[in-house]
Amino acid sequence: MWHDARMIVLRTTDELIEWRNGLLPGTEVGFVPTMGFLHEGHLSLVASARAEVGRAPVVLSIFVNPTQFGPNEDLDRYPRDEVGDLRKCEEAGVDVVFAPTRPDAVYPNRAQGLPDATWVDVEGLDRHLCGRSRPGHFRGVCTVVCKLLCLVRPTVSVFGQKDFQQLTILRRMHGDLFLPGRIVGAPIVREADGLAMSSRNTNLSAQARQDAVSLSRWLAGVRERFAAGARDREALLHDTVFASGRIDYVELVDAQRLEPIDLVDAPALCAVAVFFGPVRLIDNTVLVP
Ligand code: AMP
């Protein structure tokens with residue numbers, strides 16, 4: 001009766017493997033990988049995992065994965081609050097938290113001073129959107145998620161559609177490598193004013209926090225134009241001004257192949273990435289004709 005038991009916090013991969021090996025064969029396991037500084041978006045993934053596995057254990061990992069950050073990105077500034085995260089996990093009914101103490105916990109060769117050698121790279125799907133702006137980012141994401149799936153051996157893993165490109169790439173990796181369990185996508189959770197929840201929102205200045213609402217407002221405008229019959233790129237993607245924000249990209253792509261399109265005649269993704277000061281925010285909406 002897992003959900004009655006106290007939450008377990010595991011600190012090393014050995015502890016995680018031992019815990020996993022102790023489960024009876026055939027036990028379902030739900031899994032929610034995160035980088036911590038948890039918000040309602042993360043907790044909605046926990047709720048989805050719980051709905052999938054019933055009373056079976058739900059595992060949430062908290063690991064700020066160094067290999068998915070570029071040299072000039074915000075690894076050092078990435079927000080952390082382990083005490084708050086563990087409290088939220090307990091309240092949300094998480095059974096097991098994997099929160100390694102060492103930053104290199106899932107890169108064992110680093111402890112011996114060796115360079116990273118093993119990578120999982122999904123080619124093609126990272127050519128546009130975040131893959132174009134953040135070279136190597138998805139290689140880092142795929143590598144760490146592959147490692148975590150091998151360790152946790154979940155029967156279901158839940159990822160947010162907030163990171164639509166990540167979800168698409170991970171689905172592909174999961175299928176191609178015959179990784180365990182199923183992948184479930186969960187909808188974007190937003191603040192009351194529409195801003196997509198993100199751990200990075202905490203690093204926004206008061207002014208930038210106000211300006212950041214322009215992303216979801218603009219996407220709502222795209223959806224309105226789409227509902228009114230607009231189908232071509234020009235008609236859908238105009239007025240791309242995001243207050244004080246500096247655009248990284250504004251893109252319209254095919255929702256499966258993630259390649260830019262001029263006309264929406266199949267499910268499409270409109271995605272944006274905008275810098276507010278040093279903070280880079282992303283948001284998206286799916287358009288289904
Ligand atoms: P992160 O901690 O940012 O790496 O995110 C961990 C997981 O939570 C990923 O699957 C994200 O897509 C998901 N996630 C982050 N923000 C949201 C949100 N606002 N709504 C739904 N899922 C989210």
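Here is a short chat about a predicted model, going through what some of its labels rest on.

User: Before we start, what should I know about the model and its numbering?
Analyst: Residues are numbered from 1 along each chain as its sequence is written. The model is predicted, so to speak for local features we need pLDDT of at least 70, side-chain atom pairs count only at pLDDT 80 or more, totals for chains, interfaces and linings use all residues, and side-chain values use heavy atoms, with hydrogens and water left out.

User: Why is D95 called buried?
Analyst: Buried means under 20% relative accessible area, exposed over 50%, and partly exposed in between (1.4 Å probe, protein chains only). D95 has 2% relative accessibility, so it counts as buried.

User: And where does D95 lie?
Analyst: D95 is in the loop between α3 (82–92) and β4 (96–98). Helices (H or I, at least four residues) and strands (E, at least two) are DSSP runs, numbered from the N terminus.

User: Why is A51 called exposed?
Analyst: A51 has a relative accessible area of 67%, and exposed means over 50%, so the label fits. A51 sits in helix α2.

User: What makes the D95 side chain and the backbone nitrogen of V58 a polar contact?
Analyst: A polar contact is a pair of N or O atoms within 3.5 Å; within protein, one must be able to donate a hydrogen and the other to accept it, and residues adjacent in sequence count only if both atoms are side-chain atoms. The D95 side chain reaches that V58 nitrogen at 2.7 Å.

User: Which polar contacts does the ligand have?
Analyst: Among them, an N or O atom in the side chain of D163 is 2.6 Å from a ligand oxygen. A backbone N or O atom of G160 lies 2.9 Å from an oxygen atom of the ligand, and one of V189 lies 2.9 Å from a ligand nitrogen. On its own the ligand exposes 480 Å², and the protein buries 93% of that; accessible areas come from the Shrake-Rupley method with a 1.4 Å probe, and for residues, only the protein chains shown count as cover.

User: How do you know which residues are around the ligand?
Analyst: A residue is near a molecule or strand if one of its heavy atoms lies within 4 Å of it. There are 17 residues around the ligand, and H42, G160, D163, V189 and M197 come nearest.

User: Which element gives the most to that shell?
Analyst: That's α2, with three residues.
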